[in-house]
Structure formats: C-alpha cells, structure tokens
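Subject: Structure handover

Hello,

Here is the structure I promised to pass on. Please open it first, then read my notes below.

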Amino acid sequence: MYNKIIKLIIAIAIFGYAIYQFVENNIGNGIMLILLSLIFVFLYFKNEFILLAFLRLRKQDFDGAKKWLDKIKNPESALVKKQQGYYNYLHGLMVSQSNVNEAEKFFKKAVTLGLSMDHDLAMAKLNLAGIAFSKRRKQEAQKLLSEASKLDKQGMLADQIKMMKDNMKRAQGPSQHYGAGGSIRAQKRRG
C-alpha cells in the first residue's frame with residue numbers, strides 16, 4: 001500500500017524523466033512516460049484497492065471486497081478525504097449484512113467525509129434511514145429519506161425509497177386491533 005504522497009512523488013519523478021527524454025529528442029519515450037505518470041496521478045485520486053473492492057461488490061463477492069479493503073492499513077494517511085468516505089461507505093455496505101450498529105457508524109462517517117457522486121450519497125442516506133427506522137427513530141428516518149430522494153435525481157433508487165415510505169406508513173398505523181383480537185386461546189377463554 002503506497003502512501004498518497006509517494007504516488008505524487010513517483011508521478012513527478014516520471015514526468016521529470018519524460019521532460020529529459022524530450023530534451024534528448026526521444027519523443028516516443030517522453031510521451032509514454034507522461035502517460036505512465038498520469039496513471040500515478042489517477043491513482044492518487046482513485047485508490048486502486050477501493051476500485052478493486054467496487055469490482056468485487058458488483059459481483060456480489062463481499063468476502064473479496066473485504067479482502068481488498070483490508071489491504072488499506074491506515075486510511076487517514078493513505079487516502080484522500082473523498083476516498084476515506086468511500087472506504088467507510090463500502091465497509092458500511094458489507095457490515096450492514098451482519099451488524100447494523102457498526103454499519104450506522106460507517107455510513108455516518110461516509111456522509112460526513114463526503115462522497116463524490118450524488119447517487120452514492122443517496123444510497124448511504126437511504127441505508128441510514130432504514131437503520132434509523134429499525135431503531136424506531138421515525139423522524140430521523142423521514143428526514144434522511146427525503147434527503148435521499150432529493151439526491152436521487154436520476155430515479156435509480158425510486159423503488160427502494162417508495163418501498164421504505166410504504167413501510168413507514170404501515171408502521172404508523174394502529175398497532176392494537178379492536179374487537180375479537182388476540183390469540184385463539186384468548187378468544188376461546190372469552191367465548
């Protein structure tokens with residue numbers, strides 16, 4: 001795992017050598033070295049392990065994605081702020097299958113650090129709304145759900161948002177039924 005500063009130093013060194021190649025009239029070598037230095041600049045802004053974890057998640061391979069994310073030992077020094085957001089976002093997605101409390105921490109940290117795409121931010125807020133609703137914090141869930149629907153400009157999460165709203169409406173209904181409710185034993189005792 002390369003530190004983010006090391007990537008920039010490598011890119012600057014390769015770019016400097018490319019300029020030297022241009023001075024020596026080795027134009028082809030200079031162009032190839034500039035392209036090589038651009039790869040390190042790209043990897044400064046888009047971490048290679050996060051990209052590989054996204055590819056694993058597209059295949060629904062949570063174990064493989066976790067393996068790639070675990071290779072990032074110290075996210076604060078190795079990642080840019082937005083990459084830290086995606087690091088926490090991916091951890092939240094994977095942990096949400098087993099531990100809701102820990103997933104909530106990861107999603108909240110991802111939202112505070114920021115995600116570069118509105119769709120990803122909407123997905124994080126939708127997950128937070130689901131977690132808040134499961135913990136009976138309905139006002140917070142409604143607020144997060146409305147924020148998620150505003151961020152989902154292309155309507156990719158419209159079905160999930162609608163389903164969450166329907167679940168919230170059903171849960172707001174009366175929880176006690178009047179009349180001959182209760183268990184069958186209680187009805188037999190009364191009758």
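The notes below run from the overall fold to the core, one helix, the salt bridges and a surface patch.

Please keep in mind that this is a predicted model.

Overall fold. The protein chain has eleven helices and zero strands. Of its 191 residues, 35% are buried. Take the contacts between residues at least 6 apart in sequence: 54% of them join residues at least 24 apart. The chain exposes about 12500 Å². Carbon and sulfur atoms supply 58% of that area.

The core. The largest nonpolar core holds 39 residues. Among those with the most contacts inside it are Ile 50, Leu 69, Tyr 89, Leu 90 and Phe 107. Helices H3, H4, H6, H7, H8, H9 and H10 each give two or more residues to this core. H8 gives the most, with nine residues. Leu 90 is a good place to start looking. Leaving out residues up to four places away in sequence, Leu 90 touches Ile 50, Ala 53, Phe 54, Leu 57 and Leu 69.

Helix H4. Gly 64, Ala 65 and Leu 69 are buried in H4. Seen down the helix axis, the buried residues of H4 fall within an arc of 135°, so they line one face. H3 and H6 are included in what covers them.

Salt bridges. There are eleven in the structure. Which residues are linked with Glu 104 in a network of salt bridges? They are Lys 108, Lys 135, Arg 137 and Glu 140. Glu 104 pairs with Lys 135, with the closest N and O atoms 2.6 Å apart. Glu 104 is in helix H7 and Lys 135 in the loop between H8 and H9, so this pair ties together parts 31 residues apart in sequence. Glu 104 also meets Arg 137, at 2.5 Å from N to O. Arg 137 lies in the loop between H8 and H9 too, so that pair ties together parts 33 residues apart in sequence. Glu 104 is buried, at 7% relative accessible area. Lys 135 is partly exposed at 31%, and Arg 137 is partly exposed at 28%.

Another salt bridge joins Asp 118 and Lys 153, at 3.1 Å between the closest N and O atoms. Asp 118 is in helix H8 and Lys 153 in the loop between H9 and H10, 35 residues apart. Lys 153 is exposed, at 65% relative accessibility.

Surface patch. Ile 27, Ile 31, Met 32, Leu 35 and Leu 38 form a nonpolar patch on the surface. Together they have about 470 Å² of accessible area. Met 32 sits in helix H2 and is exposed, at 54% relative accessible area.

Best wishes

Notes:
Residues numbered from 1 in each chain as written. Predicted model: local features only at pLDDT ≥ 70, side-chain atom pairs only at ≥ 80, totals over all residues. Heavy atoms only, no water. Core = buried A, V, L, I, M, F, W, Y, C linked by side-chain atoms within 4.5 Å. Buried < 20%, exposed > 50% of the residue type's maximum accessible area, 1.4 Å probe, protein only. Helix = DSSP H or I, 4+ residues; strand = E, 2+ residues; numbered from the N terminus. Contact = heavy atoms within 4.5 Å. Patch = residues over 30% accessible without salt bridge, like charges linked within 9 Å, V, L, I, M, F, W, Y side chains within 5 Å. Areas by Shrake-Rupley, 256 points an atom, 1.4 Å probe, with all protein chains shown as cover. Salt bridge = Lys/Arg side-chain N within 4 Å of Asp/Glu carboxyl O. Arc of directions from axis to C-beta.
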